[in-house]
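Trainee: Before we look at the model together, could you show me how to read its features one at a time, with the general idea ahead of the particular case?

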Amino acid sequence: MIKALGAAIFYARFARPFSRLGFRRRVGEAPLQADFSGQRWLVTGATGGIGRAIALGAVARGATVVAFARDGGKLADLVMAAQGPGRIVPAVVDLSLMQDVRRAAAEVAREGALDVLVHNVGVMCHDFARTAEGVERGLATNLLGHWVLDRALRAGGAMTASTAIVSMSSGGMYGAALDLAALEAPAAARHDGFLAYAQHKRAQVALTHYWNREGPGAPRAWVMHPGWVDTDGVRTALPGFRKLFRAVLRNADEGADTALWLAATRPAAGEGIWLDRHRDDEHAFGFTRQGADAEALVAWLEQRVPGAGGRRG
Ligand SMILES: NC(=O)c1ccc[n+]([C@@H]2O[C@H](COP(=O)([O-])OP(=O)(O)OC[C@H]3O[C@@H](n4cnc5c(N)ncnc54)[C@H](OP(=O)(O)O)[C@@H]3O)[C@@H](O)[C@H]2O)c1
């Protein structure tokens, strides 16, 4: 009953801005003026949905995009779909496996610095499963993978003060105060994929603050919400939601627009989450201000990372 009431309040508040209507109101037909010639990008989850649209949008404007995803066939399709002047460099990587992330990050770093890093991968896992490294799959994919990728790229010299980081959060985070104990359920019986996803997405906002406080020489970071976009991820994880809102869901290009815009315009970094080229408040309900802070999150991530002396599940 309380959950249903919460959902009703959430949808009443956000159905308009997060739908295609919100995109039309704030962005409309305004073309994205951007030239990424000579830039080197890395986009995670680049073969489907929003990540694919970001990768293709960057290539069309001149960037070389290192595309991370698990399926080699889909990566080959992406290479074929890319319309220059830039190009796609495909890389088979599973973001949920830290060993794989470290390997891939080292390969990327060997080729030089990145201009733009888009932490796009995100999954809502209703079933509880652990990766081969013992981490709940959603946590590993949505958060640990990004954290390890970031650290490994920095250690390898691929991130400089001119690198822009864009993290793909979600409006789902508006319903969550950051609770470290809720980032990963201890067992299947305590797992709620929807709530875990909201926590991971709230944590991405906190991580962005942390990155922006890392001082001179560090990249600048922005966190964004794509709106509600009709993708395979939504089709599989939220079929009921999709049925209800299908007529007003955005297309992938609309979901990708703000990532490309942030990379092109690089507005002053600070509090807030970006949607449709505008900075919105990162809290919509007072209770979410009471959560854990970014430093506590980072300490938690450090001890949870497999293979870095952290605990194993
Ligand atoms: N769609 C929405 O309405 C919406 C709303 C709010 C936020 N978001 C966020 O936007 C981002 C993109 O969402 P989407 O809907 O476009 O997702 P999607 O349709 O599910 O696409 C996911 C992409 O990530 C890749 N991927 C999945 N797991 C991976 C892993 N372990 N390692 C490497 N690549 C992996 C997939 O390729 P492979 O399967 O080949 O690996 C695919 O390219 C996510 O962070 C999501 O949370 C989406």
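Mentor: Let us begin with the naming of elements: helices and strands are DSSP runs, a helix having at least four residues and a strand at least two, and they are numbered from the N terminus. Keep in mind throughout that this is a predicted model.

Trainee: With that numbering, between which elements does the loop that holds Pro-85 lie?

Mentor: Pro-85 is found in the loop that runs between helix 4 (72-81) and strand 3 (87-92). The peptide bond that joins Gly-84 to Pro-85 is cis, with an omega of about 20°.

Trainee: Which non-glycine residue has a positive phi, and where is Arg-266 placed?

Mentor: That residue is Arg-266, whose phi is about 45°, and its place is the loop between helix 10 (252-265) and strand 7 (273-275).

Trainee: Turning to pockets, what is the volume of the largest pocket, and which residues lie closest to its centre?

Mentor: A pocket is an open set of grid points with protein on both sides along most of the lines tested, and a lining residue has an atom within 4 Å of a point. Here the largest pocket has a volume of about 1300 Å³, and of the 46 residues in its lining, Gly-122, Val-123, Thr-231, Gly-233 and Val-234 are the closest to the centre. The elements that each give two or more residues to this lining are helix 1 (2-18), helix 3 (49-60), strand 2 (64-69), helix 6 (137-155), helix 7 (193-212) and helix 8 (232-237), and helix 8 gives the most, with 5 residues. By class, the lining of the largest pocket divides into 21 nonpolar, 18 polar and 7 charged residues.

Trainee: Which space does the ligand take, and which residues are closest to the ligand?

Mentor: The ligand takes the space of the largest pocket. It is surrounded by 32 residues, of which Thr-47, Asn-120, Tyr-197, Val-229 and Thr-231 are the closest. Helix 3, helix 7 and helix 8 are the elements that give two or more residues to this shell, with helix 8 giving the most, 3 residues. By class, the shell around the ligand has 12 nonpolar, 14 polar and 6 charged residues.

Trainee: Which polar atoms of the protein lie opposite an oxygen atom of the ligand, and what faces a nitrogen atom of the ligand?

Mentor: For such pairs the cut-off is 3.5 Å between N or O atoms. A polar side-chain atom of Arg-70 lies 2.8 Å from an oxygen atom of the ligand, while a polar backbone atom of Gly-122 is 3.3 Å from an oxygen atom of the ligand. An N or O atom in the side chain of Asp-94 is 2.9 Å from a nitrogen atom of the ligand. Taken alone the ligand exposes 890 Å², and the protein buries 92% of that.

Trainee: How many residues line the second largest pocket, and which element gives the most to that lining?

Mentor: The second largest pocket holds about 750 Å³ of space and is lined by 30 residues, with Lys-3, Gly-175, Phe-194, Leu-195 and Ala-198 nearest its centre. Helix 1 and helix 7 are the elements that give two or more residues to this lining, and helix 1 gives the most, with 8 residues. Its lining has 19 nonpolar, 5 polar and 6 charged residues.

Terms used. Residues are numbered from 1 along each chain as its sequence is written. This is a predicted model: local features need pLDDT of at least 70, side-chain atom pairs count only at pLDDT 80 or more; totals for chains, interfaces and linings use all residues. Side-chain values use heavy atoms; hydrogens and water are left out. On a 1 Å grid over the protein atoms alone, a cavity is a set of points where a 1.4 Å probe fits but cannot get out, and a pocket is an open set with protein on both sides within 12 Å along at least five of seven lines; lining residues have an atom within 4 Å of a point. Grid points are joined across faces, edges and corners, and a volume is the space filled by probe spheres set on the points. Ala, Val, Leu, Ile, Met, Phe, Trp, Tyr, Cys and Pro count as nonpolar, Asp, Glu, Lys and Arg as charged, and the others, Gly among them, as polar. A residue is near a molecule or strand if one of its heavy atoms lies within 4 Å of it. A polar contact is a pair of N or O atoms within 3.5 Å; within protein, one must be able to donate a hydrogen and the other to accept it, and residues adjacent in sequence count only if both atoms are side-chain atoms. Accessible areas come from the Shrake-Rupley method with a 1.4 Å probe; for residues, only the protein chains shown count as cover. A molecule sits in a cavity or pocket if more than half of its atoms lie within 2 Å of its grid points.
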